[in-house]
Amino acid sequence: MISKRRLADLVSTRLMLAATALVGVTVLFIAVMLFLKARPILATNSLGDLFLSSSWRPSRGEFGLFPFIMGTLWVTVLAGIIALPVSILGALYITEYAPPRVRAVAKPVVDVLAGIPPVVYGVWGLVALSIGGIAIGFNVLSGSIVLAIMVIPVILGVSEEVFRMVPQDVKEASLAVGATKWETARNVVIRSSLPGLAAATILGFSRAFGETMAVLMVVGNIARVPSSPLDPAYPLTALIANNYGEMMSIPLYDSAILLAALVLLLVVLFFNIAARLVLIKVQQKWA
Amino acid sequence: MNDICLRIHGLNVSYDGHTALKNIYLDIPHRQITAIIGPSGCGKTTLLRSINRLIDLTDGAKIRGEIWLDGHNVMSDREDVTSIRKRIGLISQKPSPLPMSIYDNVAYGPRIHGMRDRKELDKTVRSCLETAGLWTEVKDRLQSPATRLSVGQQQRLCLARSLAVRPEVLLCDEPTSALDPVSSQNIENRLIELKKDYTIVIVTHNIHQAMRLADYVVHLYLGELVEHGPASEVFQRPKQDRTRAYINGTVLTKPRTDVEINLKGKVCPLNFVFAKAALENLEIGQVLKVIVDYPTAITEVPRAMEYDGHKVLGVKQLNETDWEVIIQKRE
Ligand SMILES: Nc1ncnc2c1ncn2[C@@H]1O[C@H](COP(=O)(O)OP(=O)(O)OP(=O)(O)O)[C@@H](O)[C@H]1O
Ligand SMILES: [Mg+2]
C-alpha cells in the first residue's frame with residue numbers, strides 16, 4: 001500500500017510530464033499540419049525556386065519566398081541592434097546606478113510600456129511617420145524602430161530582474177580590488193547574467209514575432225530583397241497576415257502562405273534552440 | 001612611515017539615523033595583525049567597510065570622521081576611491097569568486113589596473129596563488145571556473161585575488177567562519193606569513209583565533225571602542241571589565257576533559273568506531289578528547305559525532321600532524 005504522500009508525488013510527477021509532452025506535441029502537430037498544407041506547392045515548385053528566388057508573382061505560379069525571409073531577417077536583426085544596448089544599459093542604470101527614488105518610478109513605467117498592445121505602437125509609428133518622418137519613410141528602419149520599441153520594455157524588464165539576482169558579495173569583490181562601477185557592471189554583472197539576458201532577448205523577440213500588426217503598418221510591404229535599412233521590406237509575418245484568406249482563387253496561393261508560416265516556425269525554433277545551446281555552453285564555462 | 005599604518009580619527013557611522021560606530025579613535029600598527037573582537041552587531045564589519053570605503057555602497061549610511069593612510073584621508077571626497085581600494089584590500093566572510101576562471105579571478109585586479117603583458121600576468125597569478133597556498137591544487141586547471149573550487153579553496157582564491165593588486169593593508173572579515181578546521185588553519189598560517197609584508201586587520205568571533213594570530217587587539221562593544229592594545233596585555237590583563245567579561249565568557253572556560261583517547265596511526269573508519277565506543281561509556285555531559293592524525297578524520301570525526309547528536313566543543317591543531325577533537329556526550 002503506497003502512502004498518500006507518495007501517491008501525490010507520483011501523480012504530480014506524471015502530470016508535469018504530461019503537460020510538458022503536450023506542449024511539445026502541439027508544436028510538432030502544428031509543424032506537421034503546416035507541412036501537409038504546404039505539400040501541393042512543394043510538389044510543383046522546386047525548393048530552390050521557393051526559397052532562393054526573388055520573384056513573387058502568384059498569378060503566374062511563381063512563389064519566391066526569398067524577399068520575405070530577408071525582410072524578416074533585416075527587420076529583426078536591426079531591431080535587435082537597436083533594442084539590446086538600450087535595454088541592457090537601461091536595466092543596468094535602474095539596478096546599479098539609479099538612486100532609490102528614480103528606481104521606484106522607473107520600474108512601473110517599464111512594466112506599463114511592456115503591457116501596451118503592440119498594435120498601439122504600430123498606430124503610433126504610423127502617426128509619427130506621417131508627422132515628421134517623411135525622411136524615414138515606410139521601410140526596414142521604421143519597422144525595426146517600431147519593433148525595437150515593442151521589445152525594449154520586455155527585454156529591459158526581464159534584464160532588470162536578472163541583474164538584481166547578481167549577489168551583492170560578488171559585486172563588492174570586484175569593487176574591493178579597485179574596479180570602477182562600470183568595470184564591475186561589465187565584468188561581473190553582465191557576465192554572470194548572460195544566460196538570463198539571452199532568455200530575456202528570446203522572450204522579447206518571440207513575443208514580437210507574433211505581433212505583426214505594428215510592424216506591417218510601417219515597413220512598406222514590397223516584395224523585394226532590401227539592400228539597406230532605408231529600403232522597404234515585406235517580412236514573412238506581414239505576408240501571412242496580409243494575405244491569408246484573401247486571393248484564394250489563385251491556385252497554390254494558400255499553400256505558399258502556409259509554407260511561409262512553416263518557414264517562420266522553423267526559423268523561430270532554430271533561433272530558440274541555437275540560443276539554448278549557446279546558453280548551455282556559457283553556463284558550463286562560468287557557472 | 002613609522003609603526004602606524006592607519007589612523008582612525010573620530011569616526012562615526014550611522015545607518016538611517018541608527019548609530020553603528022561612535023567616535024572611534026584608533027591607530028592600527030604597521031605590518032602586524034590587528035584583531036577586532038566583540039559581540040555580534042557591535043560594528044566590526046562596519047569599521048572594516050569604512051576603512052576601504054565599501055560602505056559608500058550602503059544606502060542610508062552616514063559617515064563622519066577621518067581615516068588616514070600614509071598622508072591621505074581615505075574619507076575625503078577628493079581621494080580616488082578605486083586607488084584607495086587597491087591599497088586596502090578586503091576579504092569577506094563568505095568567499096565570493098567572480099564568475100570567471102581561476103586564472104581570470106586572480107588576474108582581474110591587475111588587468112583593471114592596466115597590466116596587459118601576458119608573461120607578467122602569468123607571473124603575478126602564479127606568485128599570488130603560491131602565497132595563498134593554492135597553487136599546487138589548481139595549477140593544472142587554471143582555466144576552469146572558480147565556482148567549482150571547494151569553499152576553503154575559494155577563500156584562498158579570494159586571498160590571492162586581493163594580493164594580486166599589491167595592497168598595503170588587508171582587511172579580513174571573519175575569513176574562516178565558513179570554513180572547516182583544516183582550511184581555517186591553512187588561512188591562519190597564510191596570514192601569519194603575510195604579516196611581514198602587509199598590515200592585516202582581522203575580524204573574528206573566535207577568541208582562540210585572535211589569541212593565535214593577533215599582535216594587537218581591538219575590542220568593540222555596541223559601536224564603542226572599549227579597549228585596544230598589544231595582544232599580550234589585552235588578553236592577559238584587560239583593563240576594562242567588559243573586555244574581561246567578553247574574553248572569559250566566550251572562551252576561557254576551557255572544557256575539562258573526562259576521557260582522552262589517542263587514535264594516531266588509525267585510518268578513517270576505525271577512528272569513528274573507537275570514538276563512538278568511547279562515547280558509549282560516558283555519562284551525558286561528560287567530555288571526550290580524541291587525538292587524530294589521519295587527514296580525513298579531522299573533519300569527518302566531528303561531523304559524524306555531531307550527526308550522532310553529540311556536541312563538538314572544539315577542533316584544534318596540536319602540531320604538524322596531530323589534531324584534537326573535543327566532544328561532549330549528548331543523548
Ligand atoms: N546596511 C545596514 N542598514 C542598517 N543597519 C545596518 C546595516 N548594516 C549594519 N547595520 C547595523 O549596524 C550595527 C553594526 O553592524 P555590523 O555589521 O558592523 O556588526 P558586526 O560587528 O560586524 O556583527 P557580526 O559580528 O554579527 O558580523 C548593527 O546594529 C546592524 O544592525
Ligand atoms: Mg560582521
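**View 1. The shell around ligand 1 in a predicted model, sorted by residue character**. In this predicted model, the residues of the shell around ligand 1 divide into 3 nonpolar, 8 polar and 2 charged. Altogether 13 residues surround the ligand, and the closest of them are B:Ser40, B:Gly41, B:Lys44, B:Thr45 and B:Thr46. Strand S2 and helix H1 (44-51) of chain B each supply at least two residues of this shell, and H1(B) gives the most, with 3 residues.

**View 2. Side chains of chain B in polar contact with oxygen atoms of ligand 1**. For B:Lys44, an N or O atom of the side chain lies 2.7 Å from an oxygen atom of ligand 1, and for B:His205 a polar side-chain atom is placed 2.8 Å from a ligand oxygen. For B:His18, the separation between an N or O atom of the side chain and an oxygen atom of ligand 1 is 3.4 Å. Taken on its own, ligand 1 has 630 Å² of accessible area, of which the protein covers 64%.

**View 3. The hairpin formed by strands S1 and S2 of chain B**. Strand S1 (residues 4-15) and strand S2 (residues 18-29) of chain B run antiparallel and are joined by 9 bridges. Within this pair, B:Ile8 of chain B stands opposite B:Leu26, which belongs to S2(B). As a reminder for reading the side chains in this view, those of a regular strand alternate between the two faces of the sheet. Between S1(B) and S2(B) there are 2 residues, and in the turn B:Asp16 has a positive phi of about 45°. Strand S2 of chain B also appears in View 1, as it supplies at least two residues of the shell around ligand 1.

**View 4. Helix H3 of chain B and the glycine that follows**. Helix H3 (residues 102-112) of chain B is largely enclosed by the rest of the structure, because 10 of its 11 residues are buried. The buried residues in H3(B) are B:Ile102, B:Tyr103, B:Asp104, B:Asn105, B:Val106, B:Ala107, B:Tyr108, B:Gly109, B:Pro110 and B:Ile112. After H3(B) comes B:Gly114, for which phi is positive and near 100°.

**View 5. Two arginines of chain B with positive phi**. B:Arg53 is not a glycine, yet its phi is positive, at about 65°, and its place is in the loop between H1 and strand S4 (61-69) of chain B. This arginine counts as buried because its relative accessibility is 9%, which is under the 20% cut-off. B:Arg166, likewise not a glycine, has a positive phi of about 50° and lies in the loop between helix H6 (151-163) and strand S7 (169-173) of chain B. With a relative accessibility of 62%, B:Arg166 counts as exposed, the cut-off for that class being over 50%.

**View 6. Cysteines of chain B outside any disulfide**. How many disulfides does a search of the whole structure find? The search, taken over all chains, returns 0. B:Cys128 is in no disulfide, and the nearest cysteine sulfur, which belongs to B:Cys158, is 13 Å away. B:Cys172 is likewise in no disulfide, and for this residue too the nearest cysteine sulfur is that of B:Cys158, at 11 Å; a disulfide would require the two sulfur atoms to be within 2.5 Å. B:Cys128 counts as buried at 6% relative accessibility, and B:Cys172 is buried with a relative accessible area of 1%.

**View 7. A:Ser255 in helix H11, with chain A as the setting**. A:Ser255 has its place in helix H11 (residues 253-286) of chain A and is buried, with a relative accessible area of 2%. Although A:Ser255 and A:Phe63 are 192 residues apart in sequence, their C-alpha atoms are 10.0 Å apart in space. Chain A has 11 helices and 2 strands, which follow the pattern α-α-β-β-α-α-α-α-α-α-α-α-α when read along the sequence. The C-alpha trace of this chain spans about 70 × 70 × 30 Å along its principal axes, and 43% of its 287 residues count as buried.

Note on methods: Residues numbered from 1 in each chain as written. Chains lettered and ligands numbered in written order. Predicted model: local features only at pLDDT ≥ 70, side-chain atom pairs only at ≥ 80, totals over all residues. Heavy atoms only, no water. Pairing = 2+ DSSP bridges. Helix = DSSP H or I, 4+ residues; strand = E, 2+ residues; numbered from the N terminus. Buried < 20%, exposed > 50% of the residue type's maximum accessible area, 1.4 Å probe, protein only. Near = heavy atom within 4 Å. Polar contact = N/O pair within 3.5 Å; in protein donor to acceptor, adjacent residues only side chain to side chain. Areas by Shrake-Rupley, 256 points an atom, 1.4 Å probe, with all protein chains shown as cover. Nonpolar A, V, L, I, M, F, W, Y, C, P; charged D, E, K, R; others polar.
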